[in-house]
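Subject: Structure for your files

Hello,

The structure we spoke about is below, with the sequence. My notes on it follow.

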Amino acid sequence: MSRAVRLEGLAVDYGRTSRRAAVPVLDRTDLEFPAGSFTALLGPSGCGKSTLLGAVAGFVRPAAGRVAVGGTQVCGPGPDRGMVFQQYALFPWRTARGNVEFALKRFGLPRTERRRRALAALAEVGLADGVERYPAQLSGGMQQRVALARALAAEPDVLLLDEPFGALDALTRTRMQELLRRLWQRTGTTVLFVTHDIDEALALAERVVVLGGTPGRVLGDHAVPEGPADPALRARIAGHLGTG
Amino acid sequence: MHASPPSPPEGRALQGRALRRRMPAGGGRAPGRLGPAVAAAAAVLAAWQLLALSGAAAPGLLPSPAQTLAALADSAGSGTLATDLGASLARAGQGFALGAVVGGALGFATGYLPLLSAAVTPVVSFLRPIPAIALVPLATAWFGIGETAKRLLIAYAVLLAVWLYVHDGVSRVPVTHLRAARSLGAPLHRRFTEVLLPAAAPALLAALRYGASVALLALVAAELGGAQSGLAYRLQVDGQFLRVDRMFAGLIVLGLLGVAVDLVLAGIGRRFVHREAS
Ligand SMILES: Nc1ncnc2c1ncn2[C@@H]1O[C@H](COP(=O)(O)OP(=O)(O)O)[C@@H](O)[C@H]1O
Ligand SMILES: [Mg+2]
């Protein structure tokens with residue numbers, strides 16, 4: 001299943017203390033991500049992309065407005081919204097299989113079934129061989145494959161990815177992008193993909209939302225047509241990025 | 001001001017060990033570690049023997065290794081060693097268990113809850129530098145010279161040590177791990193047993209090892225404050241009679257006890273603690 005995500009006047013502040021006023025990080029934002037859509041959130045580092053994603057995930061409390069997933073207000077993290085982080089996200093004391101089984105535990109399956117599903121999920125991301133290895137024994141690309149398999153194993157309605165391929169080399173990154181597209185097409189999950197790389201955004205998403213400024217706000221919202229790359233669209237988006 | 005507790009020294013030792021493990025094992029690890037240790041022990045024994053033979057010390061003040069061994073055999077044969085060892089182990093063990101449980105629980109709580117930490121840390125930072133031995137008169141005044149005072153003193157010293165290490169380890173658990181667990185639908189009890197506990201396990205092990213050494217220190221302080229039996233009590237008695245051979249034997253037993261406890265804890269750690277094999 002997949003569900004729509006709505007940001008309704010969402011604003012986030014950081015650092016409110018008894019002595020210091022809060023610093024606005026994300027300006028009042030209204031956005032709607034339809035069920036099953038694939039959107040890239042593009043913007044320079046520090047513009048509040050992770051903050052926005054954190055608000056959807058339920059890690060960050062809004063200062064104003066709200067996030068709704070499938071019409072229900074978000075008030076904390078939950079397995080309906082899966083998250084893939086840039087790094088440090090796998091549990092280093094669990095093997096690849098153990099990490100995926102962690103996500104499957106919430107279904108209360110018998111042990112053998114849980115194991116079978118974990119192995120299938122790892123095979124799907126192309127990691128049939130490394131299942132008993134610990135994250136530290138896997139390359140960065142393989143770790144992100146496990147992270148994808150783990151996030152999807154919990155069967156989320158929405159998949160949130162925060163610059164997940166930022167630390168990977170170009171070739172591995174292209175392969176991971178193809179894998180992610182494939183997984184999205186199969187599961188139909190609503191995807192919000194954060195990146196600061198304009199070409200990655202264009203290669204992956206159906207829609208690119210450009211964020212920028214301090215505090216962060218929406219600078220542009222572009223549909224990406226199927227088919228060959230469109231230099232004019234790229235130039236328009238680059239123009240919006242520059243206005244931040 | 002003790003704004004923040006000092007970073008645990010043991011953490012660095014653990015990293016050192018992890019580094020060593022990463023290196024390819026050339027001909028096995030155990031002989032590599034045991035060889036130098038045996039050689040050093042032999043050198044110390046030889047130097048000791050030579051010093052005792054040289055007559056540099058006044059008569060009766062420096063027993064030879066053989067005389068020390070004889071004194072050890074003597075106390076083992078008469079049963080005083082077993083009595084003292086039993087009394088000391090019971091005190092240190094019970095005090096350690098109580099202090100480790102309470103200190104560990106406190107460390108998890110303050111490491112996980114920043115607000116609680118802000119409240120408790122200043123208090124603990126004030127108490128920590130006060131040596132356990134300085135509390136012996138107070139413990140005696142409050143609880144008498146019985147076993148309760150000794151156990152509580154040891155427990156108190158262990159509690160502070162274990163709290164510091166566990167707090168430090170738990171507060172360093174990456175927030176991403178806990179967030180990932182919540183996003184994967186793990187309820188609080190699973191986040192504790194399956195994320196916080198394994199992530200903090202190396203710190204927990206370091207805490208227990210350090211706590212055990214603190215328990216021995218506090219044991220000696222407590223027994224010197226008045227006891228009817230025990231390894232440190234015996235040292236005091238032997239001191240009054242200038243039985244240096246027996247004192248040497250007692251000190252060696254204390255040292256071996258510390259090493260044995262640490263080996264046991266380290267062995268348990270190897271079984272249960274995951275170290276990153278990056
Ligand atoms: N926990 C925090 N406390 C205070 N400021 C923060 C915190 N997290 C992020 N910020 C600040 O908020 C701004 C946006 O951060 P972030 O959402 O991480 O941006 P991005 O992901 O686009 O790089 C930055 O200026 C950053 O320094
Ligand atoms: Mg970010």
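**Loops and backbone in chain A**

A:P215 sits in the loop that joins β9 (207–212) to β10 (217–223) of chain A. The peptide bond leading into this proline, from A:T214 to A:P215, is cis, and its omega is near -10 degrees. Please keep in mind throughout that this is a predicted model.

A second backbone point concerns A:E163, which lies in the loop between β7 (158–162) and α5 (170–187) of chain A. A:E163 is not a glycine, yet its phi is positive, at about 40 degrees.

**A salt bridge inside a helix**

Over all chains, a search of the whole structure gives 28 salt bridges. One of them joins A:R117 to A:E113, with the closest N and O atoms 3.2 Å apart. Both A:R117 and A:E113 belong to helix α3 (residues 111–124) of chain A, where they are 4 residues apart, about one turn of the helix.

**Ligand 1**

Which residues are around ligand 1? They are A:Y14, A:V25, A:P44 and the run A:S45, A:G46, A:C47, A:G48, A:K49, A:S50 and A:T51. By class, this shell holds 4 nonpolar residues, 5 polar ones and 1 charged one. Helix α1 (residues 49–57) of chain A provides the largest share of the shell, with 3 residues.

Three polar distances to the ligand are listed here:

- From A:G46, a backbone N or O atom lies 2.6 Å from an oxygen atom of ligand 1.
- From A:G48, a polar backbone atom is 3.1 Å from an oxygen atom of ligand 1.
- From A:T51, a polar side-chain atom lies 2.4 Å from an oxygen atom of ligand 1.

How much of ligand 1 does the protein bury? Taken alone, ligand 1 exposes 560 Å², and the protein buries 54% of that.

**Where chain B meets chain A**

The size of an interface is often given as the accessible area lost when the parts come together. Here chain B and chain A bury about 2,000 Å² between them, and 68% of that area is on carbon and sulfur atoms. Chain A puts 25 residues into the contact and chain B puts in 19.

How many salt bridges cross the interface of chain B and chain A? The rule finds 2. One of these interface salt bridges has to be looked for at B:E194 and A:R94, whose closest N and O atoms are 2.9 Å apart. Across the interface of chain B and chain A there are also 4 residue pairs in polar contact, with both residues at pLDDT 80 or more.

On the side of chain B that touches chain A, α8 (175–183) and α9 (188–224) of chain B each supply at least two residues. The most comes from α8(B), which gives 7 residues to that side. Sorted by class, the side of chain B that touches chain A has 8 nonpolar, 6 polar and 5 charged residues.

Regards

Conventions
Residues are numbered from 1 along each chain as its sequence is written. Chains are lettered from A and ligands numbered from 1 in the order in which they are written. This is a predicted model: local features need pLDDT of at least 70, side-chain atom pairs count only at pLDDT 80 or more; totals for chains, interfaces and linings use all residues. Side-chain values use heavy atoms; hydrogens and water are left out. A residue is near a molecule or strand if one of its heavy atoms lies within 4 Å of it. A polar contact is a pair of N or O atoms within 3.5 Å; within protein, one must be able to donate a hydrogen and the other to accept it, and residues adjacent in sequence count only if both atoms are side-chain atoms. Accessible areas come from the Shrake-Rupley method with a 1.4 Å probe; for residues, only the protein chains shown count as cover. Ala, Val, Leu, Ile, Met, Phe, Trp, Tyr, Cys and Pro count as nonpolar, Asp, Glu, Lys and Arg as charged, and the others, Gly among them, as polar. Contact means heavy atoms within 4.5 Å. Buried area is the accessible area (1.4 Å probe) that two parts lose on being put together, summed over both. A salt bridge is a side-chain nitrogen of Lys or Arg within 4 Å of a carboxyl oxygen of Asp or Glu.
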